[in-house]
Amino acid sequence: MPIEVIDGFKVNKNVPVDILRTVVSTLEERDAINPAVRYEGMETRVLITKTKYVLEGGITNDHWKPQLEDEIKAMVPPLLVTYPADSKQHVIFEQDVELAKPEYNSGISRLALKGVFNEETAVIDNFSFASDSVITIPEGIYQTNIISPDPFTSVLLPRKNKGQRFFNKDSRGFNAASSANPGVSSIDVDYSENPENPKIWAVASANDYLGIKTTDRLFILNADGSPFRIDFGGFLNSYISKVKLAPDGSGAIVIGQFYNDRFKHIAKLDKQGNPDPLFLTGTSGFFSSSGTPVAPNGFDIAPDGKIYVWGSSIASYEGKPFTGRLVRLNADGTIDNTFSFTGSSATNAPSGIAIQEDLKILIYYSSKNRINGSMESLYCVRLNPDGTTDPTFRAGISDLRFSGMAVLPDGKILVAGGQSTGSNGESQIWRLNSDGTLDETFVTDFSLGPYPHNSNGGRLYPTPDGKILLSTNGSDPLIHQEEVFFNSLFRINSDGSFDRSFQTAEILTSSNTKGTAYFMKPMRDGTFLLGGTFVKCNRQVKGALIKLNYNGFNR
């Protein structure tokens, strides 16, 4: 006889579930259940109290134990995996789960769940679990890999939710003075010491965090949002443009307007936030051509650890001049004299750069320039690692002023522009092949208005599952199939189409106007950190920094 299962119940004994005894109206009816049909582990839901009770340690009435609401919520439908339909498909767990011995298996010999956003692999092999054994799978998005000798098989795995990992639960996070809005403009995440509890490095403009008064603009947080270090002695109390972790895991680089006895425009900190003694301690920092200290606009770090720094006014570093408003530093902070970039004809600084895995550098400007002595004026070129122009690259959109760029794992290049031209003119987002030619297979199906990528927009964040997060701060809404979205954060599929499965995040300022999304950081568990200038996200009070799950809901 098949086992009958009522929603919210688990099977503790191989008998049919008797609705007349396992769902009752009152506690008196529960206590009146005939002892002859009771058994250890029997479950009964009482409708008037909206509580489920379990017989534990005996079968008399004094052994009824209420089950916690968290445990009830943890009971979710089992995970059904079929072959070949689910072979190498994605499975999303929005919280940690326990998977138990299969209730049913028609022949699958091996199932692997490999993290899409990280390299962690949880393998369930041959289902050789003891009856009381479970395997815990961390929250995240996983790719299934199935081995089965039969062409059509399936497995049913009981699962139990273990709870969500909240970020700054019951707290608003950053606060600013008076009516100003707090802002987070840069984020990076360090998994090197503890992958289960990574450290979050954030640059923020705020005067307190979680009610703790702050002076410095740099914050190191634990994975749950609690402070790890937020006091740097006041040496980082000026504007910081960016923080980024060194690729060797030795610490982080910060660049900004700070200029004091300890740091001059650039600093290298170890994992604890202390000054790295192996990094050059500057005596003068960056200077303009007129001989005054000046902060760079931005920087990036190449896979080999070298640091590219650019700025509209910088002309020398530690007393050594350079050309092109762009300089390369070695990993120890000394200037790299092997970089032979001469710059643009108009002596403009780059708007930004993007570094490829092969160490070539994409560099783009806000206006056309003759770059490295070229006779042709261009918005974008690619440099070889030594700073010379790569003649094999040609930007595929003529007269396009890029305002955002990201290199994809396959070598293709995502760009956000400032021209309403071409097949994707309404969105102003294109994908280029690795040689710079236009990838015509990437076609967007939405509009962002005539000026979607202003000075605070055009940010593109490819995620390991092939999708793309997009933050845009233009005043015009996104329009998809006649539906209008006034939000600042969206997700598009790998082919350029609008991803309707993602909740478009709504961020608001203290005056209830549209906030600014400055930075997105995909996490290994499939969630995302969103930094910007706002006091609310998705109608929840959160200041400047929030964690969103894979589909865009607050965490």
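A surface patch is made here of residues with over 30% relative accessible area and no salt bridge, with nonpolar side chains joined within 5 Å. In this predicted model, I479, V484 and F486 form such a nonpolar patch on the surface, and together they offer about 280 Å² of accessible area. One member of the patch, I479, belongs to strand β39, which covers residues 478-480. The relative accessible area of I479 is 36%, so this residue counts as partly exposed.

Attention now turns to the aromatic side chains. A search of the whole structure gives 17 aromatic pairs. One of these joins Y308 and F339: the ring centres are 5.5 Å apart and the planes meet at 80 degrees, so the arrangement is edge-to-face. An edge-to-face label calls for planes over 60 degrees apart. Y308 sits in strand β27 (residues 307-310), whereas F339 is found in the loop between β30 (326-329) and β31 (352-355); the pair therefore ties together parts that are 31 residues apart in sequence. Both Y308 and F339 are buried.

Aromatic residues also come together in a group, with F117, F502, F528 and Y550 forming one cluster. Y550 has a charged partner as well: R491 lies over the face of its ring, at 4.4 Å from the ring centre. A lysine is placed in a comparable way elsewhere, for K199 lies over the face of F228, at 4.7 Å from the ring centre.

Key. Residues are numbered from 1 along each chain as its sequence is written. This is a predicted model: local features need pLDDT of at least 70, side-chain atom pairs count only at pLDDT 80 or more; totals for chains, interfaces and linings use all residues. Side-chain values use heavy atoms; hydrogens and water are left out. Patches are made of residues with over 30% relative accessible area and no salt bridge: like charges are joined within 9 Å, nonpolar side chains (Val, Leu, Ile, Met, Phe, Trp, Tyr) within 5 Å. Accessible areas come from the Shrake-Rupley method with a 1.4 Å probe; for residues, only the protein chains shown count as cover. A salt bridge is a side-chain nitrogen of Lys or Arg within 4 Å of a carboxyl oxygen of Asp or Glu. Helices (H or I, at least four residues) and strands (E, at least two) are DSSP runs, numbered from the N terminus. Buried means under 20% relative accessible area, exposed over 50%, partly exposed in between (1.4 Å probe, protein chains only). Rings of Phe, Tyr and Trp (its six-membered ring) pair if their centres lie within 6.5 Å; planes under 30 degrees apart count as stacked, over 60 as edge-to-face and the rest as tilted. A charge sits over a ring if NZ of Lys or CZ of Arg is within 6 Å of the ring centre and within 35 degrees of the ring normal.
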